[in-house]
Amino acid sequence: MNILVLGVVDYIGSHTALELVKAGHDVIVADNLVTGFRNAVPKAAKFYHGDIRNAEFLDKLFSSEQIDAVIHFAAFSLVGESVTNPLKYYDNNLCGTKVLLESMVKNNVKKIVFSSTAATYGEPENIPILESDRTCPTNPYGETKLAMEKMFKWTAEAHGLRYVSLRYFNACGADESGTIGEAHNPESHLIPLILQVPNGKREAISIYGTDYDTPDGTCIRDYIHVTDLAQAHILAVQYLLTCSNGTFH
Ligand SMILES: NC(=O)c1ccc[n+]([C@@H]2O[C@H](COP(=O)([O-])OP(=O)(O)OC[C@H]3O[C@@H](n4cnc5c(N)ncnc54)[C@H](O)[C@@H]3O)[C@@H](O)[C@H]2O)c1
């Protein structure tokens with residue numbers, strides 16, 4: 001199948017593109033290179049350089065390639081930055097997805113897997129969180145992702161789009177080949193920051209929080225291995241390609 005991956009030169013997108021190639025798909029990818037590393041994209045994938053807010057770019061891409069399904073990672077995702085600069089997040093996450101959906105509808109591409117986030121729930125009502133729990137984001141990042149989910153729902157009702165939204169927690173780990181992994185500049189993610197200490201790039205790391213209901217008072221976070229997450233996206237694509245109706249959160 002021809003799968004388009006949007007937002008591919010960074011962490012989860014590059015691992016997903018690699019798993020798609022390994023699974024024998026024809027992989028087409030696009031990114032505006034705002035973060036990440038161009039050489040993280042598998043050589044077998046066909047790369048387009050562009051921004052999903054650019055309708056002309058997307059229309060050209062969809063008319064040049066026969067796309068069976070899209071996997072959409074192209075968004076901003078730093079919670080703290082979203083609080084200090086919310087409109088940057090509304091512009092990229094919401095406006096970008098609006099332009100993408102318009103182009104997909106126009107070019108008759110009807111299947112999309114979307115990386116949402118556990119941040120759509122806000123403060124959890126249950127542990128573990130149930131899929132059906134109330135969504136009440138506590139920051140603009142989670143708010144834009146929830147609004148994106150709703151954009152998919154209404155576009156599905158109006159135009160027959162079929163979609164899967166995956167509300168995942170933190171990704172971690174690296175491809176077993178060691179050729180790609182997690183790296184940001186400046187680094188803001190916990191596991192790469194911790195690894196900077198034994199690698200001699202950082203003196204020490206602070207773990208915040210002392211009064212959580214845990215044995216040492218620090219918080220407990222959920223992680224999923226990035227390759228497992230990549231494979232979950234591929235299963236979601238297969239679900240959309242093989243089941244004739246229904247959407248899925
Ligand atoms: N990393 C996590 O633990 C985690 C957890 C939950 C959800 N997510 C979501 O998964 C997705 C991928 O996250 P990530 O951690 O790999 O890194 P990331 O958020 O840095 O990757 C985003 C990629 O999209 C590209 N991009 C951004 N805006 C674009 C635009 N307008 N046009 C084209 N390309 C654009 C960037 O260059 C980058 O390659 C994000 O949407 C994020 O919200 C991530």
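**Ligand shell and parallel sheet**

The shell around the ligand is made up of 11 nonpolar, 11 polar and 4 charged residues. The model is predicted. Its 6 strands build an open sheet with parallel pairing. Helices α5 and α7 pack on that sheet.

**Ligand surroundings**

- The ligand is surrounded by 26 residues. G7, D10, Y11, A74 and S77 are the closest.
- Three elements give two or more residues to this shell: α1 (11-22), α4 (86-106) and β7 (170-172).
- Helix α1 supplies the largest share, 3 residues.

**Sheet**

- The strand order is β3-β2-β1-β4-β5-β6.
- Strands β3 (46-49) and β6 (162-166) stand at the edges. Each has a single partner strand, so one side of each is left without a neighbour in the sheet.
- From one strand to the next, the twist averages 15°.

**The β4-β5 pair**

- Strand β4 (residues 69-72) runs parallel to strand β5 (residues 111-115), and 3 bridges join them.
- Within this pair, I71 stands opposite V113 in β5.

**Helices on the sheet**

- Helix α5 (residues 140-159) touches β5 and β6. The direction of α5 makes about 160° with that of β6.
- Helix α7 (residues 226-242) touches β1 (2-6), β4, β5 and β6. The direction of α7 makes about 160° with that of β6.

Notes. Residues are numbered from 1 along each chain as its sequence is written. This is a predicted model: local features need pLDDT of at least 70, side-chain atom pairs count only at pLDDT 80 or more; totals for chains, interfaces and linings use all residues. A residue is near a molecule or strand if its C-beta atom, placed from the backbone, lies within 6 Å of it. Helices (H or I, at least four residues) and strands (E, at least two) are DSSP runs, numbered from the N terminus. Ala, Val, Leu, Ile, Met, Phe, Trp, Tyr, Cys and Pro count as nonpolar, Asp, Glu, Lys and Arg as charged, and the others, Gly among them, as polar. Two strands pair if DSSP finds at least two bridges between them. Axes are lines fitted to C-alpha atoms, for helices over the stretch in contact, and angles run from 0 to 180 degrees between N-to-C directions. Two residues are in contact if their C-beta atoms, placed from the backbone, lie within 7 Å.
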